[in-house]
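Colleague: I have just opened this one and could use a guide. Could you walk me through it?

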Amino acid sequence: MTKKQLELKGVLELRELCRSLEIAGYSGERKDGLIKLLLKYYRKANRLKTKKTVNIVKETPQESYNCCEEEEKEEEEEEENEDKYLEDDEDDIETSQGDTRIISIPSTKTLLVSHGANNYNFPNFVGKEIIDIRVSMTEALNLSSTGDYTTLVDGESKNSDYTFTGDEQRLEFLKEAGSKGVK
Amino acid sequence: MNIKIVGLGGIGSILSDSICRFLNYSQFNDIEITLIDGDEYEYKNLERQSFSYFENKAVSKCKELKTKYKNITIKEFPQFINQINISVIQGGDIVLLGVDNHKTRKLISDYCSKLENIILISGGNELIDGNVQVYIRKDNKDITPSLTKYHPEIDNFIDKSPDEMSCEELEKTEPQLLFTNMMVSCFICSAFYNIVYLSKLEDFKISEIYFDIKTMCASSKIRKP
């Protein structure tokens with residue numbers, strides 16, 4: 001999201017965005033302050049994401065050193081060019097090593113968490129474990145605080161220590177089938 | 001098209017009429033519907049189930065539907081499904097299951113998992129919430145998961161089928177609500193319509209639908225087979 005795009009939003013929208021991204025200290029800020037906070041947040045998250053991707057891509061210590069140098073350079077550039085910040089979804093950047101890094105905006109993407117008929121769109125799920133989400137969702141999704149649940153991430157069974165990377169779309173706490181029964 | 005409706009209680013009695021009505025006036029030819037239940041219609045069923053005669057539910061419903069819908073073939077099978085007679089279900093059938101015990105659900109799901117082609121839609125409910133599961137197999141391959149795959153309570157059932165229960169046990173039924181039964185029946189019909197009319201079988205992804213009539217919410221689930 002660019003600075004211009006943020007400027008087009010109302011104060012309430014910006015506050016809501018800050019709240020959903022769990023940015024601290026936004027409540028007393030006016031529009032300019034909120035935009036600054038958001039840009040700072042995006043920049044920081046973007047760097048983190050880039051670091052992660054580069055770490056995955058690099059193979060030799062030499063390459064790693066080059067990547068770091070480049071990263072520092074980029075940081076400086078980024079600070080200078082606050083205005084033209086971040087395109088909508090993803091930008092591919094060619095590094096000096098010829099590797100492709102993926103730079104993406106931190107998520108306003110949410111995870112659809114469900115239990116039975118209840119659904120909830122969970123924000124900021126990247127880096128969280130299933131167990132963390134279960135704890136926060138116990139009341140909203142009417143989950144038992146003690147019982148064991150089979151958990152499915154995008155339709156596949158996962159353990160409760162599974163950590164979300166950001167590519168997931170759905171988390172389901174499995175509810176028992178109705179028995180319509182004689183007991 | 002061969003359809004087997006298993007269980008003609010709160011869900012099946014509503015479902016059978018809707019499915020017969022729909023297919024009677026549809027474009028499909030050669031439709032055969034078999035109604036399967038070994039239970040008798042009794043006074044205690046009056047608040048949720050509609051039958052014309054106090055006798056076996058499959059026999060009673062069959063008589064009633066035959067007089068209403070002349071363009072389709074309706075048959076009765078007045079027995080509870082068990083290991084011996086389960087071969088009444090055959091490859092290529094569409095099975096609509098509205099039974100009240102996990103033992104029969106598992107029996108039928110396991111049996112279907114050995115057939116080359118089958119569509120099994122099973123519904124169940126508690127007082128105010130319920131679910132419908134869809135199990136599709138095509139060319140010996142599961143398109144959606146079986147009823148037991150993600151439901152250990154069905155796989156490791158602790159209940160009995162109705163033909164194993166004493167009269168005393170049968171009297172101890174959990175309270176049921178007509179509207180919840182109707183919702184299950186409705187979701188079974190919508191899954192049936194979706195599979196038969198709207199989707200390519202191999203593209204159908206919904207494996208289960210949950211609903212709750214208190215919160216008035218419904219949620220469909222996509223799971224890997």
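Modeller: Happy to; we will take chain B, its core and its side towards chain A in turn, keeping in mind that this is a predicted model.

Colleague: What radius of gyration does chain B have, and why does it agree with a compact globule?

Modeller: Chain B has 225 residues, and a compact globule of that length would have a radius of gyration near 17 Å. The C-alpha trace spans about 45 × 40 × 40 Å along its principal axes. The value for chain B agrees with the globule rule because it comes to 16 Å.

Colleague: Which helix of chain B gives the most to the largest nonpolar core?

Modeller: Let us start with the core itself, which has 50 residues. Among those with the most contacts inside it are B:Ile5, B:Ile19 and B:Leu96. B:Ile19 touches B:Ile5 and B:Leu96, and its other partners include B:Cys189 and B:Phe192, leaving aside residues up to four places away in sequence. The helix that gives the most to this core, with 7 residues, spans residues 178-198 of chain B: α6.

Colleague: Which element gives the largest share of the side of chain B that touches chain A?

Modeller: On this side, 34 residues of chain B are in contact with 20 residues of chain A. Elements giving two or more residues include β5 (118-125), β6 (129-138) and β8 (206-212) of chain B. The largest share is 5 residues, and it comes from β9(B).

Colleague: How many nonpolar residues does that side of chain B have?

Modeller: Sorted by class, the side of chain B that touches chain A has 12 polar and 12 charged residues. The number of nonpolar residues there is 10.

Definitions and conventions:
Residues are numbered from 1 along each chain as its sequence is written. Chains are lettered from A and ligands numbered from 1 in the order in which they are written. This is a predicted model: local features need pLDDT of at least 70, side-chain atom pairs count only at pLDDT 80 or more; totals for chains, interfaces and linings use all residues. The radius of gyration is taken over C-alpha atoms; the globule rule is 2.2 Å times the number of residues to the power 0.38. Two residues are in contact if their C-beta atoms, placed from the backbone, lie within 7 Å. Helices (H or I, at least four residues) and strands (E, at least two) are DSSP runs, numbered from the N terminus. Ala, Val, Leu, Ile, Met, Phe, Trp, Tyr, Cys and Pro count as nonpolar, Asp, Glu, Lys and Arg as charged, and the others, Gly among them, as polar. A nonpolar core is a set of buried Ala, Val, Leu, Ile, Met, Phe, Trp, Tyr and Cys residues joined through C-beta atoms within 7 Å. A residue is buried if 20 or more other C-beta atoms lie within 10 Å of its own, exposed if 12 or fewer, and partly exposed in between; C-beta atoms are placed from the backbone.
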